[in-house]
Amino acid sequence: MAMTTSETILQTLKPGDLEELASITGKPCVSILMRTHRSGPDTQQGSIRLKNLLNDASKKLKSLEHDDAILAQVKEGARESNFWQHQGEGLAIFVTPDKCRMFRLNREVDDIVHVGETFLLLPLIREQGNRDRYFVLSLTWDEAKLFQRRGESLEVIQTDSLPAKFNDLILPRDPEVSLQNRSHQSMGNSGGSSTAMFHGHGQGEDKIEADREHYLSLVGEEVVGAMYNTGLPLVVVATEEVGGHFRAVSDVSVDAKVDASPSQWSEVELRDQAHQAIAPKLESSHDQFGERFGTAMAQSKGSNDIADVLDAAKNGRIDSVMIRDGARELNRVNQVVIETLRNGGDVFSKLDGDSSDEAEVAAIYRF
């Protein structure tokens with residue numbers, strides 16, 4: 001199959017991508033994962049490290065008597081002029097003889113090269129068991145910012161479009177409207193508290209409403225991409241009006257909300273307000289899987305034996321499975337992940353040290 005340009009474009013991992021990747025079987029399937037940097041001087045080191053990983057992949061392919069020419073797809077995509085300027089915390093590359101997909105990741109991964117009949121998806125499954133991390137969306141009609149709580153601080157998350165002002169995402173329809181809109185905003189409107197106004201000919205409430213819905217839906221798409229597969233909850237801080245419209249037009253799952261304009265608070269105050277809203281949910285959900293697994297084991301509907309779990313995964317019996325972070329039996333555990341995703345089960349990882357259980361996997365069966 002001939003390569004198309006769209007297949008080598010750097011993408012954000014979205015819902016459905018892991019299931020699609022899990023469905024692919026081929027000889028060979030090459031997986032390359034590496035840590036990247038969003039900005040700063042380390043950004044340019046990515047090309048050197050990728051070159052080293054490609055050399056490793058080439059050796060593995062040749063040792064298995066596969067043609068390493070399939071890696072040319074990766075090299076072509078990475079030569080794009082802005083490729084290394086649009087990275088996240090990590091990069092995942094999946095290659096078969098006829099296709100290459102590249103994903104920017106919203107969390108760090110270790111550098112690794114894997115060659116097999118399926119892709120290595122284990123490092124990409126969502127995390128559970130961390131009470132101190134969650135996302136906070138600060139949203140007004142004028143501006144959207146996404147943060148992640150790590151430790152005691154809020155860190156701004158940069159996506160392709162966020163943080164953004166309303167006019168960054170919704171371009172005025174004509175120069176007159178653009179001028180009048182900018183003039184209105186310069187006449188004393190404080191950032192994040194005003195509503196973008198339009199006074200061009202033929203502009204009215206319908207257009208304002210349509211532009212607002214478009215703005216919120218675009219924000220929602222960026223948030224979904226940034227959060228996907230992290231397993232972390234989201235707090236939305238917005239007025240009831242803005243927050244209500246956002247939930248109505250987006251596919252974002254909101255775990256807690258603060259019904260107030262975030263423009264009135266400093267970042268520290270925003271952090272405290274968000275934490276107060278999400279704290280009860282963090283406490284109640286933290287041990288949920290452990291409780292369900294204990295019940296399942298008592299009813300002979302669960303197991304932490306890797307051989308039993310892998311057999312159950314192949315037969316579509318797994319409802320959900322927890323993978324211990326840093327699993328030692330990489331290939332077998334990865335196959336559990338692949339088979340579970342293929343059969344519609346849920347997979348997530350438990351952070352190492354968060355449980356005294358040394359088992360590689362813990363699965364809850366459907367039957």
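Hi everyone, let me start at a small spot: Ser300 sits in the loop that runs between helix H9 (288-298) and strand E13 (302-303). Please keep in mind throughout that this is a predicted model. What makes Ser300 worth a look is its backbone: phi is near 60°, a positive value in a residue other than glycine. For background, most residues other than glycine have a negative phi. Is Ser300 buried or exposed? Ser300 is exposed, and its relative accessible area is 65%.

Glu65 tells a similar kind of story. This residue is not a glycine, yet its phi is positive, at about 65°. You can find Glu65 in the loop connecting helix H2 (45-63) with helix H3 (72-78). With a relative accessible area of 76%, Glu65 counts as exposed too.

While we are on the backbone, let's turn to peptide bonds. As a reminder, most of them are trans. Which residues does a cis peptide bond join here? One such bond links Lys27 and Pro28, with omega about 0°. Pro28 belongs to the loop between helix H1 (17-22) and E2. Another cis bond joins Leu162 to Pro163, where omega is about -5°. Pro163 is in the loop from strand E9 (153-156) to strand E10 (164-165).

From Pro28 we can walk straight on to the sheet. It is an open sheet of 5 strands, ordered E1-E4-E3-E2-E5, and the pairing is mixed. Strand E1 (10-12) and strand E5 (112-116) each have a single partner strand, so at these two edges one side is left without a neighbour in the sheet. From one strand to the next, the twist averages 20°.

Now let's go through some of the pairs. E1 runs parallel to E4, and 3 bridges connect them. If you want a landmark there, look at Gln11, which stands opposite Phe103 in E4. E4 pairs with E3 as well, this time in the antiparallel sense and over 7 bridges. Those two make a hairpin, with 2 residues between them. Across that pair, Phe94 faces Arg101 in E4. Moving on, strand E2 (residues 29-35) and strand E3 (residues 90-96) are antiparallel, with 6 bridges, and here Met34 stands opposite Leu91 in E3.

One last stop: how many residues of strand E4 are buried? In E4 (residues 99-105), 6 of the 7 are, so to speak, under cover: the strand is mostly covered. When you look at the strands yourselves, remember that side chains in a regular strand alternate between the two faces of the sheet.

Thanks, and I'm happy to take questions!

Methods
Residues are numbered from 1 along each chain as its sequence is written. This is a predicted model: local features need pLDDT of at least 70, side-chain atom pairs count only at pLDDT 80 or more; totals for chains, interfaces and linings use all residues. Side-chain values use heavy atoms; hydrogens and water are left out. Two strands pair if DSSP finds at least two bridges between them. Helices (H or I, at least four residues) and strands (E, at least two) are DSSP runs, numbered from the N terminus. Axes are lines fitted to C-alpha atoms, for helices over the stretch in contact, and angles run from 0 to 180 degrees between N-to-C directions. Buried means under 20% relative accessible area, exposed over 50%, partly exposed in between (1.4 Å probe, protein chains only).
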